[in-house]
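Reader: I would like a close look at a single part of this model. Please take one buried residue, and then work outwards from there.

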Amino acid sequence: MTDTEPILRVEHLSMRFGGLVAVDDLSFTAKRADITALIGPNGAGKTTVFNCITGFYKPTAGLIRLEHPDGRAYLLERLLNFRVAKLARVARTFQNIRLFSGMTVLENLVVAQHNPLMAASGFTFAGLLGLKVYRDAEREAIERARYWLDRTALLRRADDAAGALAYGEQRRLEIARAMCTDPVLLCLDEPAAGLNARESGELNDLLQFIRREHATSILLIEHDMSVVMEISDHVVVLDYGIKIADGSPDAIRNDPKVIAAYLGVADDEVAMAEAEVGL
Amino acid sequence: MSDVAPASRNAALALKDATLAGLVAFGLFVFLIGLRTEQSSSGALEITTRFQTLAMLVAAVFAGAFLRALIFARTPIPLGRMMPESLAGFAASAARFAAPALLIFALLVPVLFYSNRYLLDLGILVLTYVMLGWGLNIVVGLAGLLDLGYVAFYAVGAYSYALLATQFHLSFWICLPLAGILAAFWGILLGFPVLRLRGDYLAIVTLAFGEIIRLVLLNWQSVTGGPNGIPSIPRPSFFGLPFADAEGGFASTFGLEYSPTHRVVFLFYLILALALLTNWVTIRLRRLPIGRAWEAMREDEIACRSLGINTTTTKLTAFAIGAMFGGFAGSFFATRQGFISPESFSFNESALVLAIVVLGGMGSQLGVAIAALVMIGGFELFREFQLYRMLVFGFAMVLIMIWRPRGLIATREPSLTLGDPKP
């Protein structure tokens with residue numbers, strides 16, 4: 001495991017909202033081309049970590065360092081909102097799906113390629129005149145969209161409104177849209193939520209395909225343990241904003257602290273703990 | 001209850017509804033209609049009563065409510081279904097030909113109604129509102145930013161032209177782009193403070209912005225002339241040839257007999273060209289990344305940011321480009337009128353343009369054009385019933401909103417499709 005260098009390094013990350021400490025001194029690393037899962041009970045601070053990494057929150061303290069394959073490094077806590085996606089190429093999906101529901105599926109994927117297309121359209125002026133350079137760029141963007149539609153089995157629905165898709169299809173479309181930004185790191189916030197067993201199996205295949213065929217590392221928040229245990233290479237467990245475990249899926253599965261956090265502890269253990277602190 | 005026949009039960013319910021409606025009507029009308037203050041011959045106010053009219057109105061409301069409750073029970077009136085299927089199909093197929101038909105008609109208006117000065121002026125007015133509607137459509141329809149102060153940019157354009165033309169004697173064709181640029185600049189200036197606002201809050205700030213511009217125009221006497229406005233603004237010339245009954249004028253150069261209609265026809269084609277330019281640019285922009293980013297921002301701003309779209313510049317460009325077309329329309333207005341004052345730029349104008357955009361169907365170019373034609377043209381048609389035309393219009397707008405809650409043309413044309421048929 002030590003032979004691959006980390007792509008994302010989170011060091012001493014803390015996030016406070018007033019008196020509430022949502023994330024407390026969290027450090028972990030995600031390795032290149034790995035699927036790293038972030039798990040924990042409800043309210044553990046997983047989505048807050050995501051929002052810090054993707055630039056939606058500015059962390060109270062700590063460092064988030066992202067290294068590109070070409071060696072360039074970005075400090076994500078200093079890049080704000082859209083720049084994390086634009087410069088550092090971190091893409092994300094949302095826990096409650098956020099698609100452009102009035103626009104078609106294809107348009108959703110083309111909007112995701114806004115920045116390269118914007119440059120190709122000469123910041124609108126060349127595009128307004130209909131120059132060839134823009135038409136070529138648009139064709140390329142459509143081809144990329146078609147590739148991801150094909151991958152997510154949505155090609156048939158390309159010209160339908162995104163809001164008209166079934167729930168599982170919307171989840172897949174959101175991943176396809178994130179992949180259209182050509183990300184280095186893909187952050188998925190509960191991609192399997194609300195999917196049935198067959199659909200979450202397909203999701204596993206899709207994520208493994210992304211990891212295998214594209215130079216994209218994946219960071220994943222998930223409650224569905226069948227997804228987490230089957231595909232992730234590395235699991236980080238959060239509880240009340242504190243990291244309680246970090247390791248391979250097998251190690252995590254048998255970690256007593258993780259079991260305690262998810263299932264609670266037996267009465268005699270509570271008594272033992274109370275004796276320890278002198279109650 | 002089972003032994004009561006449903007018919008008589010319905011009647012009882014209808015009677016109850018009708019009584020309630022009658023009471024409400026009585027409460028509303030008793031002071032509004034039942035009592036009336038009039039000035040007596042001695043100059044003092046005296047109260048006269050009109051209980052007969054009141055009784056008739058309440059009875060009419062009672063009867064109407066009773067019939068409605070009997071026929072439709074307590075369900076809402078199915079206005080949508082009241083339109084026959086064939087008519088709906090006809091409307092759908094007509095929509096395809098409506099745009100070219102309207103364009104050809106617009107091109108022919110000066111030919112068909114050459115001798116009818118009133119209709120030509122009305123046509124110019126309608127086209128001005130079509131252009132304003134299309135300009136606001138960029139901000140409200142595409143970018144989803146509710147702007148209640150659009151008239152401010154119209155005013156900036158008008159005053160820019162008026163001041164540049166009267167003070168620096170620049171020609172219309174130089175002033176037009178300058179007015180557009182100045183309006184766009186003010187659009188960006190408005191855009192900055194409202195970047196974080198959405199929906200109702202944005203509406204309030206833009207409303208205030210519109211009022212600020214009007215008040216500045218009203219009070220900055222030394223520059224804008226205050227309430228007196230700016231008189232004798234140069235009229236447009238035909239690319240340097242003035243529309244005047246003199247040697248070197250338009251008519252004499254082309255060997256025509258002088259007629260004041262020439263200028264009106266020129267103005268008509270000028271505003272038509274400006275409106276079509278607005279339309280062309282909007283259609284073009286919708287298919288460009290910037291236009292798609294506007295629409296995406298309307299749908300979900302947070303998702304936009306997660307895709308690396310700079311929502312700040314996206315919003316500012318929407319404000320700037322929308323304002324620019326408002327500025328063009330404003331300088332046209334100034335050159336057509338020859339006189340402008342702050343009175344022409346009240347909130348009513350903003351509300352009217354917004355109503356055109358919403359009634360037409362946000363984002364739909366054709367819908368906005370039809371709505372402008374119906375609103376402005378229809379308003380003129382009802383001029384004879386001037387007392388009732390606001391009533392008729394309010395009623396018509398309510399009906400349209402019930403029948404088509406998302407505007408006359410609510411279907412959205414995708415900006416691009418995958419082209420080939422799928423298996």
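Author: Met324(B) counts as buried, because 26 C-beta neighbours lie inside 10 Å, and the cut-off for buried is 20 or more. This holds for a predicted model. The residue sits in helix α13 of chain B.

Which residues does Met324(B) contact, leaving aside its neighbours within four places in sequence? They are Gly180(B), Ala183(B), Ala184(B) and Gly187(B). Take Ala183(B) from that list. Along the chain, Ala183(B) and Met324(B) are 141 residues apart. Yet their C-alpha atoms are separated by 5.2 Å.

Now follow the helix itself. Two packed helices are described by the angle between their axes and the distance between the axes. Helix α13 of chain B covers residues 311-337. It packs with helix α10 of chain B, residues 261-286. The angle is about 175°, and the axes are 11 Å apart. That angle makes α10(B) roughly antiparallel to α13(B), because angles over 145 degrees count that way.

Which residues meet where α10(B) packs with α13(B)? From α10(B) come Leu267(B), Leu270(B), Ile271(B), Leu274(B) and Thr278(B). From α13(B) come Phe325(B), Phe328(B), Phe332(B) and Arg336(B). Sorted by class, this contact has seven nonpolar residues, one polar and one charged.

Step back to the whole of chain B. It has 16 helices and four strands. Its C-alpha atoms fill a box of roughly 90 × 85 × 45 Å, taken along the principal axes. Chain B has 423 residues, and 38% of them count as buried. Met324(B) counts as buried too. Look next at contacts in chain B with a separation of 6 or more. Residues 24 or more positions apart account for 76% of them.

The domain assignment splits chain B into domain 1 (6-75) and domain 2 (88-403). The centres of domain 1 and domain 2 of chain B, taken over C-alpha atoms, are separated by 42 Å.

Chain B also touches chain A. In that contact, 32 residues of chain A meet 26 residues of chain B. On the chain A side, the elements that give two or more residues are α2 (82-86), α3 (105-111), α4 (114-120), α5 (125-128) and α6 (132-151). The residues on that side of chain A divide into 14 nonpolar, 11 polar and seven charged.

Chain A has a sheet to look at as well. Four of its strands form an open sheet in the order β2-β1-β4-β5, with antiparallel pairing. Why do β2 (20-31) and β5 (73-75) of chain A each have one side without a neighbour in the sheet? Each stands at an edge with a single partner strand, so one side is left without a neighbour. From one strand to the next, the twist averages 15°.

Go through the sheet pair by pair. Strand β1 of chain A, residues 6-17, pairs with β2(A) over eight bridges, in the antiparallel sense. Leu13(A) has Leu26(A) in β2(A) as its bridge partner. β1(A) also pairs with β4(A), residues 61-67, over five bridges. There, the bridge partner of Val10(A) is Ile64(A) in β4(A). Three bridges then join β4(A) to β5(A), and these strands run antiparallel. Glu67(A) stands opposite Ala73(A) in β5(A). The hairpin of β4(A) and β5(A) has five residues between the strands. In this hairpin, Gly71(A) takes a positive phi near 95°.

Most residues other than glycine have a negative phi. Two residues in chain A are worth checking with that in mind. Ala33(A) is not a glycine, but has a positive phi of about 60°. Its place is the loop between β2 and β3 (35-39) of chain A. Ala33(A) is partly exposed, with 15 other C-beta atoms within 10 Å.

Tyr240(A) is not a glycine either, and its positive phi is about 50°. Its place is the loop between β9 (234-239) and β10 (242-247) of chain A. Tyr240(A) counts as partly exposed, with 15 C-beta neighbours inside 10 Å. Set that beside the starting point: Met324(B) has 26 such neighbours and counts as buried.

How values were computed: Residues numbered from 1 in each chain as written. Chains lettered and ligands numbered in written order. Predicted model: local features only at pLDDT ≥ 70, side-chain atom pairs only at ≥ 80, totals over all residues. Buried ≥ 20, exposed ≤ 12 C-beta atoms within 10 Å, placed from the backbone. Contact = placed C-beta atoms within 7 Å. Nonpolar A, V, L, I, M, F, W, Y, C, P; charged D, E, K, R; others polar. Domains from an automatic or database assignment. Pairing = 2+ DSSP bridges. Axes fitted to C-alpha atoms, helices over the stretch in contact; angles between N-to-C directions. Parallel < 35°, antiparallel > 145°, perpendicular 65-115°, else oblique.
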